[in-house]
Amino acid sequence: MESRGGDRVSGETVRRSVVLAGGGVVGTAWMAGLAAELRRRGIDLGAAESIVGTSAGAIIGAALVVGRDLDSFADDPRPPGYSEPPAVVKREAVGAAFAIMADRTMDPDARRRKMGRMAMAEEPAQPSDIAELEWLVDGNEWPDHRLRVVVVDAESGERLVWDNGSGVPLARAIAASRAFPGLQRPVVVEGRYYIDGGVWSATNADLAVASNILLVVEPLAFRIPPEQLQAELATTSADRVVHFHPDAATADVFTSFAANPDPLASWPHAFRGGVRQGEDLAKQLIDAGW
């Protein structure tokens, strides 16, 4: 966990920007616990002037801007009485997708289109896939312009950024942003297939708006080489950057998730890991002038 930047001019209005990266089920739970603990300490990430959410980050970003009670899904992210079984993790497909993403001999656009073809071979997301997210983010209405959700067009490999002016219902936009081959089904909007914004970048930090303080929360930092994030941050304008990621204990939860047939088994452990790390992040943000 590191920060960089210089001093702020005393008395000026502080502009805050937040980037919430992808991280799957475990990353979603960890960020939820982290944000819940920050709220208890008087820091509401949902009050930032701009939030960029990718995949898991899109879920938590939406929950934040709508003012969701994050502690209400500390043990289970599904609505009370929800009877649908968790999505089946197709581990071979997930492995193949990650192998494509790691193949640096392939042109980036070609990699994304290949991932898109994998996704489009699957049946698209159904209403039951969206219903869980509608509960998590309290409906389908975008509260304002501050949240931006990153998706990738499965056919073209193009990155798109959806907000309250894009005409896509909130829960459907989030479902698209987390639609990773083998984990979640692709989402169809006006006849086109959309997949996980993490297929472009786990962080998409280059989309951050100019701000005094930029917070980047990256659940998979321990697995992803830092060069891409560094390149993205080089294009941004922020007086101070705080980069936060899981500690070793939470990283172990990610590892155990990979071996568990129940994709939600690690959820409460990861949530508590975020709560535990919340004190550290709160101190860093206060030191940065949040």
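In the predicted model, helix α9 comprises the 22 residues 267-288. At 1.5 Å a residue, a helix of this length should span 32 Å, and the end C-alpha atoms of α9 lie 30 Å apart, which agrees with the expected value. The helix is nevertheless kinked: a bend of about 40° is centred on G278. Just after α9, G289 adopts a positive phi of about 100°.

Strand β2 covers residues 16-20, and four of its five residues are buried, so the strand is largely enclosed by the rest of the structure. Two pairing partners of β2 are described here, β8 and β3. With strand β8 (residues 211-217), β2 pairs in the parallel sense over five bridges. In this pairing S17 stands opposite L214 of β8. Strand β3 (residues 50-54) also runs parallel to β2, to which it is joined by four bridges. Here V19 is placed opposite V52 of β3.

Internal space was examined next. Rolling a probe the size of a water molecule over the atoms shows where empty space is left. With a threshold of 30 Å³ or more, the count comes to two cavities.

The largest cavity has a volume of about 40 Å³. Its lining is made up of A125, D129, L133, A175, R178, Q184, R185 and V187. By class, these lining residues divide into four nonpolar, one polar and three charged. The charged residues of the lining are D129, R178 and R185, and Q184 is the polar one. The nonpolar part consists of A125, L133, A175 and V187.

The second largest cavity has a volume of about 30 Å³. L20, M31, L34, A35, L45, I60, L64 and V217 form its lining. In class terms, the lining of this second cavity has eight nonpolar residues, with no polar and no charged ones. Helices α1 (24-40) and α2 (56-65) each supply at least two residues of the lining. The greatest contribution is that of α1, with three residues. The α1 residues in the lining are M31, L34 and A35, whereas I60 and L64 belong to α2. An α-helix has 3.6 residues a turn, so residues three or four places apart point the same way. The lining also draws on the strands described above: L20 lies in β2 (residues 16-20), and V217 lies in β8 (residues 211-217).

Key
Residues are numbered from 1 along each chain as its sequence is written. This is a predicted model: local features need pLDDT of at least 70, side-chain atom pairs count only at pLDDT 80 or more; totals for chains, interfaces and linings use all residues. Side-chain values use heavy atoms; hydrogens and water are left out. The expected span of a helix is 1.5 Å times one less than its number of residues. The bend at a residue is the angle between axes fitted to the seven residues ending there and the seven starting there. On a 1 Å grid over the protein atoms alone, a cavity is a set of points where a 1.4 Å probe fits but cannot get out, and a pocket is an open set with protein on both sides within 12 Å along at least five of seven lines; lining residues have an atom within 4 Å of a point. Grid points are joined across faces, edges and corners, and a volume is the space filled by probe spheres set on the points. Ala, Val, Leu, Ile, Met, Phe, Trp, Tyr, Cys and Pro count as nonpolar, Asp, Glu, Lys and Arg as charged, and the others, Gly among them, as polar. Buried means under 20% relative accessible area, exposed over 50%, partly exposed in between (1.4 Å probe, protein chains only). Two strands pair if DSSP finds at least two bridges between them.
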